[in-house]
There are 2 protein chains.
Amino acid sequence: MRIAIIGIGLIGGSMALTLRERKFAGTIIGVDANPEHAEQALEMGLVDEVTNWHEATDRSDIIIVATPIDVTEQIVPGLLLRCRHQVVMDVGSTKKNLCATISNSPQRSRFVATHPMWGTEFSGPQSAISGAFDEKATVICDQDQSAPDALNLIEQLYQVLGMNIIYMSAEEHDVHVAYISHISHITSFALANTVLEKEKEENTIFELASGGFESTVRLAKSNPSMWIPILMQNKENILDVLNEHIAQLRKFKACLEKENYTYLSELINRANEISRILK
Amino acid sequence: MRIAIIGIGLIGGSMALTLRERKFAGTIIGVDANPEHAEQALEMGLVDEVTNWHEATDRSDIIIVATPIDVTEQIVPGLLLRCRHQVVMDVGSTKKNLCATISNSPQRSRFVATHPMWGTEFSGPQSAISGAFDEKATVICDQDQSAPDALNLIEQLYQVLGMNIIYMSAEEHDVHVAYISHISHITSFALANTVLEKEKEENTIFELASGGFESTVRLAKSNPSMWIPILMQNKENILDVLNEHIAQLRKFKACLEKENYTYLSELINRANEISRILK
């Protein structure tokens, strides 16, 4: 199988490593707007060659678009027009806008909209990890819009990556990821800014920071060029969750101000119920 | 060295395991208000015997108080009055109230106020981990109030546990931990409640929850009997941080509402600076 990967960063690079090791990919052709990343990917053996998107598309069976979502939305319509037997898939964190953009493409059925639910706070080819997707979930959206052979091929690809496939509409997807992923990033960015604003003794943060702080603030290292388009595209769902989150924080604030132990205890007991859902 | 541990849970149990393995502790005597925990600790070999606090104090060189901070504050004054050569240390997450409570004790100098900066969201003797404190920071507060021999003994104990000791006043300690630890717990509790409130399809949370969500919401599993007293005792510092945090979240909200990419980019770039401090 010949695979083109457009955007050889954390996700594209990790897919390249795993698909090659598991012999799903024969040749991997890389495309990257950043010449340094392209060169690194080549040196690291993530891809066999680097070229432009026209040639990569023409010579491949699957084109994986793993760019920031604003770039994905710009390039997918053109990629689709170039497809004959090829299948194009994306890996973006929002789906509604992209699926709306291509809904009138005569080649819509060559596209499969996907979102593998894995990532770290790092980016670039050097952050790629083999086997990263094992036992994680991936979403395929609006699968009835894809041709059966195209859908089938991408399902195979995700099975090789070791992922559990969940199907839902693009709209449902964007609502759920606002809760499961996007709000965590906003709280983490805001927490980092809170600490940087209030705690002037940076050395003390460094010395005292323990596991709890590191795990809640880890996502604050995430890349703005990836996250700004995501937050903007999904802003309505995110605002809905963000308003609820601020309301929840205000309840904690009220408990402390009024020394209301009973209510604080109720809030924490309720929060503990998350254990029921997350192991 | 004979060591008494009052409260044989996550912290007390982990200290017992490590101090015994590293041969700092000869005999370890356990005290626990929960008979099930006491029995588990005995069965697991965390402690050699279980008794009441009077006897444990009389027969030990060091008494480690590892109970929730409200209990610690109740029992430390009585423990101190019983000390001759013994040293009492606590491991609580707030320090100002406790140090004020015992400031007039005729035996104040037998006490060393400490806070090892390590924990997990789990509790009870079965959550104890050997070597858990290695290369973490521990705080010793108001060290000039402790007798030189008492301070020296507890410094040795923390060196055996592999911890880096930081010295500060009880008041400074409580300000810093509000930023570094307590606010992370509140945001995590509030995030869990947000998701539980808004996302009615629990199965979808379960299936989609990825690394980012799990790491930000992990602390929401924390035990209320430990955390309610901490949040209440440190409420003034925490309210100060919480107000700033809500203000920071409102900035993200305003960016999304007004589609202000420039400001959003500034906020995220600022948050990224946390990488400078945390590795």
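## Close-up views of a predicted two-chain model

**A buried loop residue, Met117(A).** Met117(A) is buried because 23 other C-beta atoms lie within 10 Å; a residue counts as buried with 20 or more other C-beta atoms within 10 Å of its own, as exposed with 12 or fewer, and as partly exposed in between, the C-beta atoms being placed from the backbone. This is a predicted model, in which local features need pLDDT of at least 70 and side-chain atom pairs count only at pLDDT 80 or more, while totals for chains, interfaces and linings use all residues. Residues are numbered from 1 along each chain as its sequence is written, and chains are lettered from A and ligands numbered from 1 in the order in which they are written. Met117(A) sits in the loop that joins strand E6 (111-116) to strand E7 (137-141) of chain A; here, helices (H or I, at least four residues) and strands (E, at least two) are DSSP runs numbered from the N terminus. Which residue lies 5.6 Å from Met117(A), C-alpha to C-alpha? That is Ala137(A), although the two are 20 residues apart in sequence.

**Helix H1 of chain A and its surroundings.** H1(A) covers residues 10-21, twelve in number, and reaches 17 Å from first to last C-alpha, close to the 16 Å expected at 1.5 Å a residue (the expected span is 1.5 Å times one less than the number of residues). Look around the helix and you will find it mostly covered, with ten of its twelve residues buried. Among them are Leu10(A), Ile11(A), Met15(A) and Leu19(A). What do the buried residues of H1(A) pack against? Their partners are strand E1 (3-6), strand E2 (28-31), helix H2 (35-43), strand E4 (62-65) and helix H6 (148-160) of chain A. Just past the helix, Lys23(A) has a positive phi of about 65°.

**Two positive-phi residues in chain B, Lys23(B) and Asp142(B).** Lys23(B) is not a glycine, yet its phi is positive, near 65°. Its place is the loop between helix H1 (10-21) and strand E2 (28-31) of chain B. With 9 other C-beta atoms within 10 Å, Lys23(B) is exposed. Asp142(B) is likewise a residue other than glycine with a positive phi, near 45°, in the loop between strand E7 (137-141) and helix H6 (148-160) of chain B. Is Asp142(B) buried or exposed? It counts as buried because it has 21 C-beta neighbours inside 10 Å.

**The two domains of chain A.** The domain assignment, which is automatic or from a database, gives domain 1 (3-169) and domain 2 (173-277) of chain A. Their centres, taken over C-alpha atoms, are 30 Å apart. Domain 1 and domain 2 of chain A each bring 15 residues to the contact, where two residues touch if their C-beta atoms, placed from the backbone, lie within 7 Å. On the domain 1 side, helix H4 (69-81), helix H5 (96-101) and E7 each supply at least two residues. That side has five nonpolar, six polar and four charged residues (nonpolar: Ala, Val, Leu, Ile, Met, Phe, Trp, Tyr, Cys and Pro; charged: Asp, Glu, Lys and Arg; polar: the others, Gly among them).

**Where chain B meets chain A.** Here 80 residues of chain B are in contact with 80 residues of chain A. Several helices of chain B each supply at least two residues of this side, including H7 (170-198), H10 (224-233) and H12 (261-272). H7(B) gives the largest share, 20 residues. The side of chain B that touches chain A holds 43 nonpolar, 21 polar and 16 charged residues.

**The axis between the copies.** Chain B superposes on chain A after a rotation of 180° with 0.0 Å of shift along the axis (RMSD 0.0 Å), fitted by least squares on the C-alpha atoms of residues with pLDDT of at least 70 in both. The two copies are therefore related as by a two-fold rotation axis. Which residue of chain B comes closest to the rotation axis? Thr216(B) does, with its C-alpha at 2.2 Å. The same surface serves both copies, since 100% of the contact residues of chain B recur in chain A.

**Helix H11 of chain B.** The end C-alpha atoms of H11(B) are 34 Å apart, which agrees with the 34 Å that its 24 residues should span at 1.5 Å a residue. Its buried residues include Ile238(B), Leu242(B), Leu249(B) and Phe252(B). The cover over the buried residues of H11(B) includes helix H7 (170-198) and helix H11 (235-257) of chain A, along with H7, H10 and H12 of chain B. Just after H11(B), Glu259(B) takes a positive phi of about 50°.
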